[in-house]
Amino acid sequence: MRTAFDFSPLYRSSIGFDRVFNLLENAPQAVDSWPPYDIERCGENVYRVTIAVAGFSAEDLDVSHEPNLLIASGDRKEQDKVEYLHRGLPLRLFTRRFELADHMKVIGASLNNGLLVIDLVREVPEEMKPRRITIAKEDGAPKAGPVEAPKQVA
């Protein structure tokens, strides 16, 4: 399914954002609003996802972390021979998927008062953090040779 946006002009001036453009193009069009959730920013690199899961126990819930994807799902088993006069709690099967940025890690999950809380942190490796490059001043022609790509280890 294609969106109405044309990202081709952005490809000319950006490098390495292919994944972002693919996420935007493949974003789901219809959004399921159950169960409701909040996403909080608790610090510069700390985030919290809170999902309302009233009626579910810890055994009914599953939280998994795949590369760049957080999946929270729930499947409540029906109680035997319960006769409801009114059923207002939607205790149906659900799966919530959250696309994660690079270097995001799940540091914990808890269930309290019907709220599933998942804590995340972005841990950028030291070699990936921005660093300042000093520029050497020399007289005469530049001494820099041809640029070589770093060798990859198999």
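Buried means under 20% relative accessible area, exposed means over 50%, and partly exposed lies in between, using a 1.4 Å probe and protein chains only. Helices (H or I, at least four residues) and strands (E, at least two) are DSSP runs, numbered from the N terminus.

The model on your screen is predicted, so local features need pLDDT of at least 70 and side-chain atom pairs count only at pLDDT 80 or more, while totals for chains, interfaces and linings use all residues. Residues are numbered from 1 along each chain as its sequence is written, and side-chain values use heavy atoms, with hydrogens and water left out.

**Stop 1: the sheet**

Select strand 3 (61-66) and strand 5 (94-99), the edge strands, each of which pairs on one side only. Now add strand 4, residues 69-74. Together you have an open sheet of three strands in the order 3-4-5, with antiparallel pairing. Two strands pair if DSSP finds at least two bridges between them; strands 4 and 5 have six, in the antiparallel sense. To find two of the partners, click Leu70, which bridges to Phe98 in strand 5, and then Ser73, which bridges to Thr95 in strand 5.

**Stop 2: the two faces of strand 5**

Show the side chains of strand 5. In a regular strand the side chains alternate between the two faces of the sheet. Which side chains of strand 5 are buried? Phe94, Arg96 and Phe98 point to one face and are buried, while Thr95, Arg97 and Glu99 point to the other and are not.

**Stop 3: the aromatic cluster**

Keep Phe94 selected, and add Trp34 and Phe56: these three form one aromatic cluster. Rings of Phe, Tyr and Trp (its six-membered ring) pair if their centres lie within 6.5 Å; planes under 30 degrees apart count as stacked, over 60 as edge-to-face and the rest as tilted. The structure holds four aromatic pairs.

Start with Trp34 and Phe56: the ring centres are 6.5 Å apart and the planes are at 45°, so this pair is tilted. Trp34 sits in the loop between helix 2 (18-25) and strand 1 (37-41), and Phe56 in the loop between strand 2 (46-52) and strand 3, so the pair ties together parts 22 residues apart in sequence.

Next, turn to Trp34 and Phe94, an edge-to-face pair with 5.7 Å centre to centre and 90° between the planes. This pair links distant parts of the chain, 60 residues apart.

Finally, how accessible is each ring's residue? Trp34 is buried at 16% relative accessible area, Phe56 is buried at 7%, and Phe94 is buried at 4%.
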